Amino acid sequence: GDTFVLGCDFDPANIFSERHFYSQNPDSMCPAYQGKCGMYSKHCGFKNCLLSFGHDEYLALVLEGHASDVQKLREAGEPVPCKSLPPEAIYMIRFHS
């Protein structure tokens with residue numbers, strides 16, 4: 001996918017891996033970041049991993065900000081938009097790649 005974990009080996013499933021774009025990433029030169037787990041402990045979970053910043057993460061951050069704004073409006077007794085996404089949907093957007 002186009003979202004990938006930093007601080008460990010780059011997965012061949014990453015978009016454009018066959019073009020060797022990732023070989024120019026400084027993480028590929030750091031011994032601590034080599035190996036399947038790199039700087040992470042096995043099964044640490046996505047929430048504990050540093051991910052690349054791309055359109056998936058950007059949209060997730062925008063939607064989290066919207067959810068926060070809606071909550072503030074709700075607490076102030078103001079009208080709120082009729083639609084917003086639950087945290088599970090934002091999680092799917094962030095990590096679907």
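The following passage describes a helix, the segment before it, the cysteines and the salt bridges of a predicted model.

Helix H1 comprises the 21 residues 55–75, and at 1.5 Å a residue these should span 30 Å, a value with which the separation of 30 Å between the end C-alpha atoms agrees. Within H1, the residues Asp56, Glu57, Ala60, Leu63 and Val70 are buried. Viewed down the axis of H1, these buried residues fall within an arc of 140°, so they line one face of the helix. The face turned away from this buried side carries His55, Tyr58 and Lys72, which are exposed. The cover over the buried residues of H1 includes helix H2, formed by residues 87–95. After H1 comes Gly77, for which phi is positive, with a value near 75°.

The segment before H1 contains Ser52, a residue that is itself buried, its relative accessible area being 10%. When residues up to four places away in sequence are not counted, the contacts of Ser52 are with Asp2, Thr3, Phe4, Leu6 and Glu57. Of these partners, Glu57 is one of the buried residues of H1, and this residue appears again below among the charged pairs.

As regards the cysteines, the number of disulfides in the model comes to zero. For Cys8, the closest cysteine sulfur is that of Cys49, and the distance of 7.1 Å between the two sulfur atoms is too far for a bond. The residue Cys8 is nevertheless buried, with 9% relative accessible area. Cys49 likewise takes part in no disulfide, the nearest cysteine sulfur to it being that of Cys44, at 3.8 Å; because a disulfide requires sulfur atoms within 2.5 Å, a pair at that distance is not counted. Cys49 is also buried, and its relative accessible area is 18%.

Two salt bridges are found in the structure. In one of them Arg94 pairs with Glu57, and the closest N and O atoms of this pair lie 2.6 Å apart. The pair links distant parts of the chain, since Arg94 belongs to helix H2 and Glu57 to helix H1, with their positions 37 residues apart in sequence. Both partners are in the buried class: Arg94 has a relative accessibility of 11%, while the relative accessible area of Glu57 is 17%.

Arg94 also forms a salt bridge with Glu64, in which the closest N and O atoms are 2.9 Å apart. Here again Arg94 lies in helix H2 and its partner, Glu64, in helix H1, so the pair ties together parts that are 30 residues apart in sequence. With a relative accessibility of 33%, Glu64 counts as partly exposed, whereas Glu57 is buried. Through the sharing of partners, these salt bridges join Glu57, Glu64 and Arg94 into one network.

Taken with the preceding paragraphs, these pairs add to the description of how H1 and H2 are placed in the model. Helix H2 is included in what covers the buried residues of H1, and Arg94 of H2 is paired with Glu57 of H1 and with Glu64 of H1. Glu57 is in addition touched by Ser52, which lies in the segment before H1.

Notes. Residues numbered from 1 in each chain as written. Predicted model: local features only at pLDDT ≥ 70, side-chain atom pairs only at ≥ 80, totals over all residues. Heavy atoms only, no water. Helix = DSSP H or I, 4+ residues; strand = E, 2+ residues; numbered from the N terminus. Expected span 1.5 Å × (residues − 1). Buried < 20%, exposed > 50% of the residue type's maximum accessible area, 1.4 Å probe, protein only. Arc of directions from axis to C-beta. Contact = heavy atoms within 4.5 Å. Salt bridge = Lys/Arg side-chain N within 4 Å of Asp/Glu carboxyl O.
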